[in-house]
Amino acid sequence: MNNFFIAQTFGKSSNYTDIPNNLFKEHNVKKGLRNEDGTGVRVGLTRVSDVVGYEIEDGKKVNVPGKLYYRGIEISDLVNGKNNSRFGFEETSFLLLFGYLPSKKELREFTTLLGEHYNLADEFLEKNMLRTPSRNLMNSLQKSILALYDYDEDPDNTDPYQTLLKGINILAKLPSLAVYAYQSKIHHYDRESLVIHYPKPEYSMAENILYMLRKDGSFTQQEADLLDIMLMIHADHGGGNNSTFTNVVISSTGTDIYSSSSASIGSLKGPKHGGANIRCSEMITAIEKEIGIKATEAQMKSVIQRILAKDFYDNSGLVYGLGHAVYTVSDPRADLLKICCENLAKQKNREDEYEFLTKFEKVAKSCLAGNGKSLSNNVDFYSGFAYNMLQIPEDMYTPLFVCSRMAGWLAHNIENKMYDGRIMRPATKYVGETIPYKKREER
């Protein structure tokens, strides 16, 4: 639709809809549910995870190195403790859902359960994906999750235990849904050959993603290990991140897990949330083409200034991958991923690209920090390079985020059902005028 009347009327509407910025402060309204110092407005209690980027001392915000805790355990300890385990993400999911680390027997039973639910119904792929492929994989995932509702004999049962069962079923199926959405898209829109691999129940979720995504189904254990770690570090990020908050808000109405999960996917799609990983990857690629991977610090500073001046890449003025809403000094996920990328880059002879990233990170921080303030990179800065080394197409970056974050969404969803239970209904302040009604003939 391109309608002159609507465009003209929309321009006129600002005379009646404008909210002056000073009113937010006057009425003590927190934009984006954030306080003046950048800290988040508390909206709930949780024992699932904690994101630490600052501390409050004597009423003032003090920046500290970032920490991410899953059920009280640091993410770095989980990643470093997984050693050669193929099921790091599955162990992490168990921890988030049940509150404790599983024994060997419990982990084996949990991974077996997931494997038993990897497959979709016989007609699901053809009926819901191949016949109606989407240009955007996140939209495809939303449709597929909602379609799973119709394959559930009791889909509106929101009892916490039933929600857990339904959520685990969704979690198990997400790798297939994401990969098949991609295969359907490139087959329909790019006219590429359609290659479908059915998931193997003995494989981990990370292994299955690589197996189903690649035409020959081959992968190395080092590649699977990196993807497993990426799923681990994306599994949750506190109850205040937008997609998790969305899930809890919507489920508080008493609606089903399929609806709340689909809504969370819609939230994660946005470039200010999960979609930032694609923006960051595209930005780095554009910079490398512009100045080369052997660029000097001066060249890097120059292109950063162009980005800030809205004269390069997407003209947004944003340097993606730098800065975070909570982390101030460092992002523990980025620190872990940086080490993993260094190791795989050596194996794949891509040290030059890795060195470019680390150098650019340092230069960008020095350009953007200032006034004695530190600036954290974030997990998106290295995730694009990691995915690229795994031969994962950009279209799949954010859907893989969904495959991982479903564990966290489900954990918070169940926690809210069990220990809160009220419909979320925050207040807003009306700042408009009271206007008498005019009859149509008098307007």
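# Exercises on a predicted model

Glutamate 207 touches Arg86, Phe219, Gln221 and Ala224, leaving out residues up to four places away in sequence; contact means heavy atoms within 4.5 Å. This is a predicted model: local features need pLDDT of at least 70, side-chain atom pairs count only at pLDDT 80 or more, and totals for chains, interfaces and linings use all residues. Residues are numbered from 1 along each chain as its sequence is written, and side-chain values use heavy atoms, with hydrogens and water left out.

## Exercise 1: two residues

Task: place glutamate 207 and asparagine 349, and decide whether each is buried or exposed.

Solution.
- Step 1. Apply the cut-offs: buried is under 20% relative accessible area, exposed over 50%, and partly exposed in between, with a 1.4 Å probe and protein chains only.
- Step 2. Glutamate 207 sits in helix α9 (residues 205–213). Helices (H or I, at least four residues) and strands (E, at least two) are DSSP runs, numbered from the N terminus.
- Step 3. Glutamate 207 has a relative accessible area of 2%, so it is buried.
- Step 4. Asparagine 349 belongs to the loop between α15 (332–347) and α16 (351–368). Its relative accessible area is 65%, so asparagine 349 is exposed.
- Step 5. From asparagine 349 to lysine 215 the C-alpha distance is 23 Å, with their positions 134 residues apart in sequence.

## Exercise 2: the sheet

Task: find the strand order and trace the partners of tyrosine 69.

Solution.
- Step 1. Two strands pair if DSSP finds at least two bridges between them.
- Step 2. Strands β1 (residues 49–57) and β2 (residues 60–70) pair antiparallel over eight bridges. β2 and β3 (residues 73–74) are also antiparallel, joined by two bridges.
- Step 3. The result is an open sheet of three strands, ordered β1-β2-β3, with antiparallel pairing. β1 and β3 are the edge strands, each pairing on one side only.
- Step 4. Tyrosine 69 in β2 is the bridge partner of aspartate 50. Tyrosine 69 also stands opposite glutamate 74 in β3. Tyrosine 70 has isoleucine 73 of β3 as its bridge partner.
- Step 5. Check the turns. The β1–β2 hairpin has two residues between its strands, and aspartate 58 there has a positive phi of about 55 degrees. The hairpin of β2 and β3 has two residues between the strands, and arginine 71 takes a positive phi near 50 degrees.

## Exercise 3: the core and helix α17

Task: describe the largest nonpolar core and the burial of α17.

Solution.
- Step 1. A nonpolar core is a set of buried Ala, Val, Leu, Ile, Met, Phe, Trp, Tyr and Cys residues joined through side-chain atoms within 4.5 Å.
- Step 2. The largest one holds 110 residues, and Phe360 and Ile392 have the most contacts inside it. Helix α8 (residues 160–188) gives the largest share of this core, 13 residues.
- Step 3. Beyond four places in sequence, isoleucine 392 contacts Leu210, Leu213, Leu227, Tyr387, Tyr397 and Leu400.
- Step 4. In α17 (residues 380–389), nine of ten residues are buried. Among them are Phe381, Tyr382, Phe385 and Tyr387.
- Step 5. The buried residues of α17 pack against α10 (221–233), α13 (276–291), α15, α16 and α18 (397–419).
- Step 6. Just after α17, glutamine 391 has a positive phi of about 60 degrees.

## Exercise 4: empty space

Task: characterise the second largest pocket and the largest cavity.

Solution.
- Step 1. Work on a 1 Å grid over the protein atoms alone: a cavity is a set of points where a 1.4 Å probe fits but cannot get out, and a pocket is an open set with protein on both sides within 12 Å along at least five of seven lines; lining residues have an atom within 4 Å of a point. Points are joined across faces, edges and corners, and a volume is the space filled by probe spheres set on them.
- Step 2. The second largest pocket has a volume of about 720 Å³. Its lining has 29 residues, with Phe24, Val29, Ala427, Thr428 and Lys429 nearest the centre. α1 gives the most to this lining, three residues.
- Step 3. Sort by class: Ala, Val, Leu, Ile, Met, Phe, Trp, Tyr, Cys and Pro are nonpolar, Asp, Glu, Lys and Arg charged, and the others, Gly among them, polar. The pocket lining divides into 16 nonpolar, six polar and seven charged residues.
- Step 4. One cavity of 30 Å³ or more is counted. The largest cavity holds about 40 Å³. Its lining has three nonpolar, five polar and one charged residues, including Asn128, Lys143 and Ser184.
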